[in-house]
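Reader: I'm new to this one and would like to take a close look at a single part. Could you walk me through how the helices meet and what sits around those meeting places?

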Amino acid sequence: SMDNDGVDRQKGGPRIATSLSVEQATKLQQDLLQGFSDEGFKQKLVDLHKEHGNKDSNKFKADRQRLFLTVQSQVLPKHGFEGSPA
């Protein structure tokens, strides 16, 4: 069943966002920006870039995706989205 906030709530299942208002989308973007602006995250990203010579390598891309997920996995579920790589 869908609530007024655009989040589908299946029986016992996770909240799944089906639509976002402009306000909800803006809040989601603000929360992601805050996470990606964190000094600890930024330092890890700098270290990742230093560690990998080839930014086109699959290893770099996989490591970068894992780093991005450290923020996304915390923020996205608060807004009705799954915070996993699937």
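Author: Here is a walk through the helices, starting with the overall layout and then going residue by residue.

Keep in mind from the start that this is a predicted model. The protein has three helices and two strands, and reading along the sequence you get the pattern β-β-α-α-α. So much for the order; now some overall numbers. There are 86 residues in the protein, and 24% of them are buried. The accessible surface is about 6,200 Å², with 53% of that belonging to carbon and sulfur atoms. As for contacts between residues at least 6 apart in sequence, 37% of these join residues at least 24 apart.

Now to the helices themselves, beginning with α1 and α2. Their axes are 5 Å apart, and the two pack at an angle of about 60°. An angle like that is neither under 35 degrees nor in the range of 65 to 115, and α1 and α2 are therefore oblique to each other. On the α1 side, the contact is made by G35, F36 and S37, while α2 brings in E39, F41 and K42. Sorted by class, the contact of α1 with α2 has two nonpolar, two polar and two charged residues.

Let's stop at S37 for a moment. This residue belongs to helix α1, which covers residues 22-37. S37 counts as partly exposed because its relative accessibility is 37%, and partly exposed is the class between 20% and 50%. The side chain of S37 also reaches back into its own helix region, coming to 2.7 Å from the backbone oxygen of L33.

Next comes the pairing of α2 with α3. Helix α2 takes in residues 39-51 and helix α3 residues 58-75; their axes come within 11 Å and cross at roughly 175°. That crossing angle makes α2 roughly antiparallel to α3, since anything over 145 degrees falls in that class. From α2, the residues taking part are F41, K44, L45, L48, H49 and E51, and they meet F60, D63, R64, L67, F68, T70 and V71 in α3. The contact of α2 with α3 divides into seven nonpolar, two polar and four charged residues. F41 is worth a second glance, as F41 is listed in the contact with α1 and also in the one with α3.

One of the charged residues here deserves a closer look: D63, which is found in helix α3. D63 has a relative accessible area of 12%, so it counts as buried, the limit being under 20%. Leaving out neighbours within four places in sequence, D63 is in contact with L48, E51 and H52. With H52 there is a polar contact too, side chain to side chain, at 2.9 Å.

H52 then leads us to K55, which is found in the loop between α2 and α3. The side chain of K55 reaches the backbone oxygen of H52 at 2.6 Å. A polar atom of that K55 side chain also lies 2.9 Å from the backbone oxygen of H49. If you set aside residues up to four places away in sequence, K55 touches H49, F60 and K61. Two of these names are familiar, as H49 and F60 also appear where α2 meets α3. K55 has a relative accessibility of 32%, and so counts as partly exposed.

Technical notes. Residues are numbered from 1 along each chain as its sequence is written. This is a predicted model: local features need pLDDT of at least 70, side-chain atom pairs count only at pLDDT 80 or more; totals for chains, interfaces and linings use all residues. Side-chain values use heavy atoms; hydrogens and water are left out. Helices (H or I, at least four residues) and strands (E, at least two) are DSSP runs, numbered from the N terminus. Buried means under 20% relative accessible area, exposed over 50%, partly exposed in between (1.4 Å probe, protein chains only). A polar contact is a pair of N or O atoms within 3.5 Å; within protein, one must be able to donate a hydrogen and the other to accept it, and residues adjacent in sequence count only if both atoms are side-chain atoms. Contact means heavy atoms within 4.5 Å. Accessible areas come from the Shrake-Rupley method with a 1.4 Å probe; for residues, only the protein chains shown count as cover. Axes are lines fitted to C-alpha atoms, for helices over the stretch in contact, and angles run from 0 to 180 degrees between N-to-C directions. Ala, Val, Leu, Ile, Met, Phe, Trp, Tyr, Cys and Pro count as nonpolar, Asp, Glu, Lys and Arg as charged, and the others, Gly among them, as polar.
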